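Have your viewer ready and your selection tool at hand. This short tour tells you what to pick next and what you will find there.

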Amino acid sequence: DPWFHWIFVDEIVRAGKIPSYENIPIPYTKMPNFHLLITAGMILTGIPYKFSQYLFAGLPTLLLGFLVLFALTRKVFDLKTALLAVLILSFADNVLDMTSKSIIPNSLGVSMAFLIYYSLISMNIIDRRIFSIVILLSFSLVLTHTISYTLLLYQVIVVVLISLIYQEEISKKILNLLLILFAFAFLEWAFYSSSHLTHTIIRLKELFIYGFDVERYKARTPFSFFEVILARLGMVIFFLLAGLGIIMVLKNRLRDRVNLIHSLVTGGMVFSVLAPFFPAFAGFGHRFWYYGEVLGSTFVSYLFNSKRTLRIAAVPFLIVLSLLMFGAFISNDDNPLTPYYSQRTGWYDSEVSAGKFLILHEGDIVFASDFDYIWNLDYLKTSILASGKKESIKKVFPKTFEEVEMCDCILVFRKDQFENRLFYLGGRWTQTPHLPMKDDKLLEKYKSEKNVLYANGEITMIWVKA
């Protein structure tokens, strides 16, 4: 995702306008607020996208999350719980991912949804000015990110239902807000962007009616389910602790309206840890995990502050948890438990320079490589040519090295990626995971290959003749 957000923003800066869907075929041509924010920062400061995304989206999102979490937790519980919640959030793996490595509209969208949620919980929405600001933020959010806006709808529905059960007068105002939010969603998803409503209906049908087209995703994984859990052990433990905290709050404070709302809203996000078991949600489960860690930090903190023995155990336990989460593959590249499980994020300069060479000397022969490299070269080519539309290189998608041998193509061999990290061959719907090739005979074959067209130490391009 960060690749096409980059070329989309670059095109806005270059052309001075939002490109059409025909030229840059991504849905954000009709919901561009995230991109316009970074564009404004780039124009005002002259800083390139790589750093502007951190300065104008990633860092503000993280700081806003800290501030809202502190204010919300202090209101629901107390100062000690609020301070510890902020500390826990600071090493949450998916939060670090969405505000550093993978800065996307979802990053900003969740912080906006969280801010609106706080206004509902704190009762500030009674104030007309606050209500107007909430409406403005909601309208901005629907033009920023679909999933974040859906999370906002979920939160407001929970608040409305609990308010009606408690017969609160404020429920009418929140009900009016909910109707306005649905109107915004319908106008944006069904009319303005048009495709989002269709995709939402497809997801719901896959989830509740006819199931999922498993065939297009079917691929045998080279690692066990246990290794998957190890790779995400920090997050799994985090959500287990958050779940225990929610149960404790419901046991001790069930009659408190605010605690009940916060427990139910967070509980829904904690259950998102099961997203991989629902194929319709598996592709974007990490979006729910991100918000689940933001909300769940409150309950993990409450759990450790609830009893003296837990407070004593909190320090060593949180140190271990921070190492597991900070070391998770989604927040950095070196998971200590399963280092081979994850792809390396980002490209070396040598890989970028090889990509530029490939693009500038592209002929009639097709290229093949791991999916991350061969797919994203399209975005690099789009940036280099600056033609105003998305470009593509000539490529094929062999799923195995046996298929590579038959492809009559130029294989782009990424030494570090293929030797030391998990990598995927195949195309978008045929991605096939492969474990590192260290000590593999095929690796030695490619190292001694004579038909080398390009080499820079990290990248070797080999003409594989069928």
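The stops below are a sheet with its helices, a disulfide and a cavity.

Before selecting anything, note that this is a predicted model, in which local features need pLDDT of at least 70, side-chain atom pairs count only at pLDDT 80 or more, and totals for chains, interfaces and linings use all residues. Residues are numbered from 1 along each chain as its sequence is written, and side-chain values use heavy atoms, with hydrogens and water left out.

**Stop 1: the sheet**

Select strands E1, E2, E6 and E5: in that order they make an open sheet of four strands with mixed pairing. Its edge strands, E1 (367–368) and E5 (452–455), each pair on one side only. Helices (H or I, at least four residues) and strands (E, at least two) are DSSP runs numbered from the N terminus, and two strands pair if DSSP finds at least two bridges between them.

Now show E2 (residues 409–414) with E6 (residues 459–464); the two run antiparallel and are joined by six bridges. Leu 411 stands opposite Ile 462 in E6. Val 452 also stands opposite Ile 462, and E5 pairs with E6 in the antiparallel sense over three bridges. Pick Gly 457 next: in the hairpin of E5 and E6, with three residues between the strands, Gly 457 has a positive phi near 100°.

**Stop 2: the helices on the sheet**

Add helix H17 (residues 349–360), which packs on the sheet and touches E1, E2, E5 and E6; contact means heavy atoms within 4.5 Å. The direction of H17 makes about 40° with that of E6. Angles run from 0 to 180 degrees between N-to-C directions, with axes fitted to C-alpha atoms, for helices over the stretch in contact. Helix H18 (residues 371–385) packs on the sheet too, touching E1, E2 and E6, and its direction makes about 115° with that of E2.

**Stop 3: the disulfide**

Select Cys 407 and Cys 409, which form a disulfide with sulfur atoms 1.8 Å apart; the cut-off is a pair of cysteine sulfur atoms within 2.5 Å. A search of the whole structure finds one disulfide. The torsion about the S-S bond of Cys 407 and Cys 409 is about -55°, so this disulfide is left-handed.

**Stop 4: the lining helices**

Finally, show helices H3 (49–76), H5 (93–101), H6 (105–121) and H15 (285–305): each supplies at least two residues of the lining of the largest cavity. Among the lining residues to select are Thr 61, Leu 89, Phe 114 and Tyr 290. A cavity here is a set of points, on a 1 Å grid over the protein atoms alone, where a 1.4 Å probe fits but cannot get out, and lining residues have an atom within 4 Å of a point.

Notes:
1 Å grid on protein atoms, 1.4 Å probe; cavity = no way out; pocket = protein on both sides within 12 Å on 5 of 7 lines; lining within 4 Å.
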